[in-house]
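Could you open the model and go through these notes with me? I've kept them as numbered points, so you can stop and look at each one.

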Amino acid sequence: KYLEGAVPDGNGMVAWSTQIKAPGKSAQQLYDISLEYLKELTSRENQLEGSKIALVNRNEHKVVATIKEWIIFKKQVMSLDRTKLNYALMFECQDNSVTVTMNRISFKYEEEREGGGYYKAEEWIADKYALNKKKTKLIPGSAKFRRKTVDRKDELFKEIEEYINKR
């Protein structure tokens with residue numbers, strides 16, 4: 001699940017897309033549902049300052065949000081290992097389907113510590129940087145970022161599909 005090809009980096013940019021089928025729903029209905037979902041997502045408790053709907057285009061049925069949230073790697077009584085995950089979530093609505101794209105992914109890790117830093121997905125979790133030469137193992141360091149980001153993408157896409165199909 002996390003090895004070669006798990007993180008697509010076409011044109012040098014890490015981005016995941018999925019098309020969610022919604023038979024019988026117009027582009028306008030799907031746009032309204034998508035906007036409603038993003039309003040709800042950006043106001044959740046785990047969201048950080050700066051999570052917001054960044055672009056709305058009612059005529060083209062597109063909406064984009066910038067998301068800033070915590071990813072927790074390990075939580076123990078006296079220790080918390082986490083990173084800020086930043087990404088864009090774009091919805092492009094057509095009659096009967098929505099294309100959802102997650103891109104512009106970056107991490108802010110241990111900002112308060114010396115040696116902490118800012119990492120772009122393209123330079124941190126892409127196959128070229130996150131896998132050994134044989135592409136059979138994840139490289140320590142970026143491995144936890146890659147796993148958690150793939151898991152978050154899977155969780156989001158599943159949640160969005162359920163949200164759209166329940167409306």
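1. Start with strand β4, which gives the most to the lining of the largest pocket, with six residues. Keep in mind as you look around that this is a predicted model. The space in that largest pocket comes to about 210 Å³. Its lining is made of 13 residues, and the closest to the centre are Leu 80, Asp 81, Arg 82, Glu 110 and Glu 112. The elements giving two or more residues to this lining are β4 (79-94) and β5 (97-109).

2. What is the lining of the largest pocket like by class? Go through the residues and you'll find three nonpolar, two polar and eight charged ones. One of the residues closest to the centre is Asp 81, and the side chain of Asp 81 meets that of Lys 144 in a salt bridge, at 2.6 Å from N to O. Asp 81 sits in strand β4 and Lys 144 in helix α3, so this pair ties together parts that are 63 residues apart in sequence.

3. Is Asp 81 buried or exposed? Its relative accessible area is 17%, and buried means under 20%, so Asp 81 counts as buried. Its partner Lys 144 has a relative accessible area of 26%, which makes Lys 144 partly exposed.

4. Now find the second largest pocket, with about 170 Å³ of space. The residues lining it are Asn 46, Glu 69, Trp 70, Ile 71, Ile 72, Lys 148, Asp 151, Arg 152 and Glu 155. Strand β3 (62-76) and helix α3 (143-166) each supply at least two residues of this lining. Sorted by class, there are three nonpolar residues, one polar and five charged.

5. Two residues from that second lining, Glu 69 and Arg 152, are worth a click. They form a salt bridge, and their closest N and O atoms are 2.6 Å apart. Arg 152 belongs to helix α3 and Glu 69 to strand β3, so the bridge ties together parts that are 83 residues apart in sequence. Both ends are tucked away: Arg 152 is buried with a relative accessible area of 8%, and Glu 69 is buried with 1%.

6. Asp 151 also lines the second largest pocket, and it has a salt bridge too. Its side chain meets that of Lys 1, at 3.3 Å from N to O. How many residues apart in sequence are the parts that this pair ties together? The answer is 150, because Lys 1 lies in the segment before β1 (15-21) and Asp 151 in helix α3. Lys 1 counts as exposed, at 64% relative accessibility, while Asp 151 counts as partly exposed, at 27%.

7. Don't stop at that one pair. Lys 1 and Asp 151 belong to a network of salt bridges that also links Lys 153 and Asp 154. Over the whole model, the count comes to 14 salt bridges.

8. Next, follow the strands. β3 and β4 pair in the antiparallel sense over 14 bridges, and a hairpin joins them through two residues. As a landmark, look for Lys 68, which stands opposite Asn 86 in β4. Then move on to β4 and β5, which run antiparallel and are joined by 11 bridges. Here the landmark is Ala 88, whose bridge partner in β5 is Asn 103. While you trace these strands, remember that in a regular strand the side chains alternate between the two faces of the sheet.

9. Which residue in the turn between β4 and β5 has a positive phi? It is Asn 96, with a phi of about 75 degrees. Two residues separate the strands in this hairpin. Asn 96 is not a glycine, and it is partly exposed, with a relative accessible area of 39%.

10. Finally, have a look at His 61, which is found in the loop between β2 (52-57) and β3. Its phi is positive as well, at about 60 degrees, although it is not a glycine. His 61 is buried, with a relative accessible area of 18%.

How values were computed
Residues are numbered from 1 along each chain as its sequence is written. This is a predicted model: local features need pLDDT of at least 70, side-chain atom pairs count only at pLDDT 80 or more; totals for chains, interfaces and linings use all residues. Side-chain values use heavy atoms; hydrogens and water are left out. On a 1 Å grid over the protein atoms alone, a cavity is a set of points where a 1.4 Å probe fits but cannot get out, and a pocket is an open set with protein on both sides within 12 Å along at least five of seven lines; lining residues have an atom within 4 Å of a point. Grid points are joined across faces, edges and corners, and a volume is the space filled by probe spheres set on the points. Helices (H or I, at least four residues) and strands (E, at least two) are DSSP runs, numbered from the N terminus. Ala, Val, Leu, Ile, Met, Phe, Trp, Tyr, Cys and Pro count as nonpolar, Asp, Glu, Lys and Arg as charged, and the others, Gly among them, as polar. A salt bridge is a side-chain nitrogen of Lys or Arg within 4 Å of a carboxyl oxygen of Asp or Glu. Buried means under 20% relative accessible area, exposed over 50%, partly exposed in between (1.4 Å probe, protein chains only). Two strands pair if DSSP finds at least two bridges between them.
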